[in-house]
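Please walk through this structure with me, beginning at a single residue and moving outward to the sheet, the helices and the core.

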Amino acid sequence: MNQNIQQFKADFFKALAHPMRIRILEVLSEGDKNVNELQNILGSEGSAVSQQLAVLRNKNVVTGLKDGTSVIYSLRDPLIKDLLAVTKQIFDNHLVDAISLLEVIRSES
């Protein structure tokens, strides 16, 4: 595989490697929001949200469009919504495996 593609993938996943950034993407997958709306939904202070948005902007994961005195944020690529859904399915599969293992352990006791 081309090393540039591998580097892009690594950088992209690094941009996602924070719980608040994932949550921001989940919220933005439901529709565009400004910082104040994101703060209210996330229940977090502005500096933390702005800091995480800056990382996502710098990695071209979200875009910001100036609207008067505020900036409206959106997903740069709508496929990010699909990626989040697949990630949830993978997590669910891990839970099913863990539950199955727990049931085996309990039945052996």
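Ser74 counts as buried, because its relative accessibility is 15% and buried means under 20% relative accessible area, with exposed over 50% and partly exposed in between (1.4 Å probe, protein chains only). The model is a predicted one, in which local features need pLDDT of at least 70 and side-chain atom pairs count only at pLDDT 80 or more, whereas totals for chains, interfaces and linings use all residues. Residues are numbered from 1 along each chain as its sequence is written, and side-chain values use heavy atoms, with hydrogens and water left out.

Ser74 is found in strand β3, where strands (E, at least two residues) and helices (H or I, at least four) are DSSP runs numbered from the N terminus. Leaving aside neighbours within four places in sequence, Ser74 is in contact with Leu28, Asp32, Val62 and Thr63, contact meaning heavy atoms within 4.5 Å.

From Ser74 the view can widen to the sheet. Three strands form an open sheet in the order β1-β3-β2, with antiparallel pairing, and two strands are said to pair if DSSP finds at least two bridges between them. The edge strands are β1 and β2, each of which pairs on one side only. Strand β2 (residues 62–67) and strand β3 (residues 70–75) pair over 6 bridges; Val62 has Leu75 as its bridge partner in β3, and Leu65 has Ile72. The two strands form a hairpin with 2 residues between them, and Gly68 in the turn has a positive phi of about 70°. On the other side of the sheet order, strand β1 (residues 33–34) pairs with β3 over 2 bridges in the antiparallel sense, and Asn34 stands opposite Ile72 in β3.

Asn34 also leads to the next helix, since it caps the N-terminal end of α3: a side-chain oxygen of Asn34 lies 3.0 Å from the backbone nitrogen of Asn36, within the 3.5 Å limit for a polar contact, a pair of N or O atoms of which, within protein, one must be able to donate a hydrogen and the other to accept it, with residues adjacent in sequence counting only if both atoms are side-chain atoms. Within α3, Val35, Leu38, Gln39 and Leu42 are buried. These four residues cover an arc of only 100° around the axis, which puts them on the same side of α3, the arc being that of the directions from the helix axis to the C-beta atoms. The buried residues of α3 pack against α2, β1, α4 and β3, while the face turned away from the buried side carries the exposed residues Asn36 and Asn40. Just after α3, Gly43 takes a positive phi of about 65°.

Val49 offers a way from α3 into the core. Not counting residues up to four places away in sequence, Val49 touches Met20, Ile24, Val35, Leu38, Gln39, Leu42 and Ser44. The largest nonpolar core has 20 residues, and those with the most contacts inside it are Ile24, Leu25, Leu38, Val49, Leu53 and Val61; such a core is a set of buried Ala, Val, Leu, Ile, Met, Phe, Trp, Tyr and Cys residues joined through side-chain atoms within 4.5 Å. The elements α1, α2 (19–28), α3 (35–42), α4 (46–58), β3 and α5 (79–108) each supply at least two residues of this core, and the largest share, 5 residues, comes from α2. In soluble globular proteins, nonpolar side chains tend to be buried together.

The aromatic residues remain to be described. The structure holds 2 aromatic pairs, where rings of Phe, Tyr and Trp (its six-membered ring) pair if their centres lie within 6.5 Å, and planes under 30 degrees apart count as stacked, over 60 as edge-to-face and the rest as tilted. Phe8 and Phe12 form a stacked pair, 6.2 Å centre to centre with 20° between the planes. Both residues lie in helix α1 (residues 3–16), 4 residues apart, about one turn of the helix. Phe8 counts as exposed at 55% relative accessibility, whereas Phe12 is buried with a relative accessible area of 16%. Phe12 and Phe13 form an edge-to-face pair, 5.6 Å centre to centre with 80° between the planes, and Phe13 is partly exposed, with a relative accessible area of 49%. Ring pairs thus link Phe8, Phe12 and Phe13 into a cluster.
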